[in-house]
Each structure stands twice: as C-alpha cells, then as structure tokens.
Amino acid sequence: MRIDCKHVWEHISAYIDGEVDAELRAEIDKHLETCEVCSAVLDSTRNVVVLYADGRVFELPAGFSERLHERLDKVLAPEGP
Amino acid sequence: MKNAPNPEFEADCIRRILGGEKQLFHDLIRPCERPIYFLLMSILRNEAEAEDAAQETVLKIYRNLHLFRGESQFRTWALSIARNEGLGRLRKAETRREDSLDALSDNQTSDFTPAILTSWREVPSKALEQKELAALLRQAIDGLPEIYRNVVLLRDIEEMDVRETASALGIAEGAVKVRLHRARALLQRSLAPRLKGFAPKRGKLFGWGR
C-alpha cells in the first residue's frame, strides 16, 4: 500500500517520538525517500520542536527560586508559625 | 530529561520531612519548580500571577505532604495541585477569554495542515543566541489554544512522558498524543515560514516558492 502525504502528516508527531509501529515507519520512510514536501515538513517540524524545547527559550523569571525559598523558609523555620 | 525525578530520593525525603526534618522540603521541591511555574504561566498567562500561584502551590504541597500516597510520581501529584490552583484562580477571576477552557475540544475539526515546503534549511540551536528567535518561539507557543499549550509545555519543554503529562493534566493518554500532534502542526505552520531568516546564510535559497 502506498501512503499519501496527508497520511504521513497525520503521523508526523508520533514518528518524531518513535511511536509508530515498524510497518508504518517503513511505509513513511519509503514515502519520504521520494517526497520532498513531506521530508521538508518532517525536518521543519523536528527543527521547530528542538528549538522551542531549548532551555534558553523558557527561563524562570530572575530571582524566582530565591523568592520562593525565602517564602518557604518562613513556613519551615523551627520557631515559625 | 530536565530534572528527571528520582522516586527513591523523593520517598526518603518525604519520610524525613514528615519526621521533622522540614528543611529537606527545599530539596524535594526544587526539581518541580520549573514545571509548576510554566504550567501556571500557561493557565494564567501573567508572570506575576503565575509566580504568586506557584508560591501558593508549593505551600499547599508542603501542607498536604502527608496526603501523598506514592501512587503517582511526586512531580505528577505536585503538578495536579498546581493545575487546581491555576484553574481555581481563573474561576475566581471569572476570566472570559477567547480560548476559555471549554471553547475547544479534541473533537473539533480545525485545519492542522502543516506549512508546505519543498526544502528545509536547519536552524541550529546556536541561533538561539539571538534574542529575537527565542521571543518568536515564545510568542508562537503563547498563541496556542490553552489545551494545546499545556501539553506542549509538559511534553516537549519539561520533557515529561505521555503518562505523566496525562496524569498531571487529568486527561487521557490518547488526548495528550492528539493535542501534542496538533500543537506541533500549528507551531510548524506558524513558525516555519518565519524561521528562514535564522538559518545559516550559505548556498542557494530555494523552496520557499516566492
């Protein structure tokens, strides 16, 4: 069975996460060999995920942790309320 | 994995905290700070409010520590408390937003077609040294409907697995997969055409069909 582009797009996320079964993976791989559109969609999706998942994109506000632990200290202190 | 949980350390820590070594709570909660804050940021969409809610959440976790039964991971339990805190605040504020909680369901038939390209030039992580790129990525995620944004944050950004994400958000594992797939498709569509300027400038530019 030949799968079409739309079918490939439906499975791109699972494909990236290694969650498609061997048979489907083989079909997608075969499709990707000859379809430049799907190859580019897959590569760009993977690239976008790698970029936004980078620790530099979402950083805690400056001083967040210090303020949190300071507040905690008031509760945890032995003679605290 | 960012701050991968260590169940043995957590169980030991919790026993000792409940036994009186309260200061250990600092170490127990540290690996959960990031996901707690970003989940609340995703729900509340306001930095100051999210920080306040994160502090309240952590205090609630401390006060309710004796109720943790170890049936789920500690982080999962902590995140469900964070989610309740966030949703409680939303309800109190009676916030009316375009993407309010029930405005979107997994059954909706929006168009999740990706941006069609015929070639892709890799944007290396090094490009994140440019502040505009990080800002562009944050804006794109911020612009996602909430049900997708929460899943992207926990699965891709905090690198939690499907099971833990489902449990923390109180949804089925299948819903996590569907939402993640749709979120990534929406992000690819909005970001791919705008990322081309961040790819290394070499070779011929083609495939953008201008």
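Let me start with the contact between the two chains, which in this predicted model takes 31 residues from chain A and 40 residues from chain B. On the chain A side, helix H2 (12–16), helix H4 (36–52) and helix H5 (64–76) each supply at least two residues, and the largest share, 13 residues, comes from H4(A). If we sort that side of chain A by class, the residues divide into 20 nonpolar, six polar and five charged.

Now let me turn to chain B by itself. The domain assignment gives domain 1 as residues 7–93 and domain 2 as residues 125–198, and the C-alpha centres of these two domains of chain B lie 22 Å apart. Between them, 12 residues of domain 1 are in contact with 12 residues of domain 2. On the domain 1 side, the elements that give two or more residues are helix H3 (33–44) and helix H5 (74–93) of chain B, and H3(B) gives the most, with six residues. By class, this side of domain 1 has five nonpolar, five polar and two charged residues.

One helix pair deserves a slower look, namely H5(B) and helix H8 (residues 162–169) of chain B, which pack at an angle of about 35 degrees with their axes 8 Å apart, in a right-handed crossing. From H5(B) the contact uses B:Thr76, B:Leu79, B:Ser80 and B:Arg83, while H8(B) brings B:Glu164, B:Ser167, B:Ala168 and B:Leu169. As a general reminder, an α-helix has 3.6 residues a turn, so residues three or four places apart point the same way. Taken by class, the residues of this contact divide into three nonpolar, three polar and two charged.

Staying with H8(B), is this helix mostly covered or mostly open? H8(B) is mostly covered, with six of its eight residues buried, and these are B:Glu164, B:Thr165, B:Ala166, B:Ser167, B:Ala168 and B:Leu169. The buried residues of H8(B) pack against H5, helix H7 (146–157) and helix H9 (173–195) of chain B. Just after the helix comes B:Gly170, whose phi is positive, near 70 degrees.

Let me move on to the nonpolar core. The largest one has 65 residues, and those with the most contacts inside it are B:Ile36, B:Leu39, B:Leu40 and B:Val152. H9(B) provides the largest share of this core, nine residues, and the core draws at least three residues from each of the two domains of chain B. To take one of these residues in detail, B:Leu39 touches B:Leu79, B:Ala82, B:Arg83, B:Gly86, B:Asn150, B:Leu153 and B:Leu154, if we leave out residues up to four places away in sequence.

Finally, two residues with backbone angles that you may want to look at on the screen. B:Arg45, although it is not a glycine, has a positive phi of about 55 degrees, and B:Arg45 lies in the loop between H3 and helix H4 (47–63) of chain B. B:Glu159 is also a residue other than glycine with a positive phi, near 55 degrees, and its place is in the loop between H7 and H8 of chain B. Why does B:Arg45 count as partly exposed? Because B:Arg45 has 16 C-beta neighbours inside 10 Å, and that falls between the limits of 12 or fewer for exposed and 20 or more for buried. B:Glu159, with 14 such neighbours inside 10 Å, therefore counts as partly exposed.

Notes: Residues are numbered from 1 along each chain as its sequence is written. Chains are lettered from A and ligands numbered from 1 in the order in which they are written. This is a predicted model: local features need pLDDT of at least 70, side-chain atom pairs count only at pLDDT 80 or more; totals for chains, interfaces and linings use all residues. Domain bounds come from an automatic or database domain assignment. Two residues are in contact if their C-beta atoms, placed from the backbone, lie within 7 Å. Helices (H or I, at least four residues) and strands (E, at least two) are DSSP runs, numbered from the N terminus. Ala, Val, Leu, Ile, Met, Phe, Trp, Tyr, Cys and Pro count as nonpolar, Asp, Glu, Lys and Arg as charged, and the others, Gly among them, as polar. Axes are lines fitted to C-alpha atoms, for helices over the stretch in contact, and angles run from 0 to 180 degrees between N-to-C directions. A crossing is left-handed if the near helix is turned anticlockwise from the far one by less than a right angle, and right-handed if clockwise. A nonpolar core is a set of buried Ala, Val, Leu, Ile, Met, Phe, Trp, Tyr and Cys residues joined through C-beta atoms within 7 Å.
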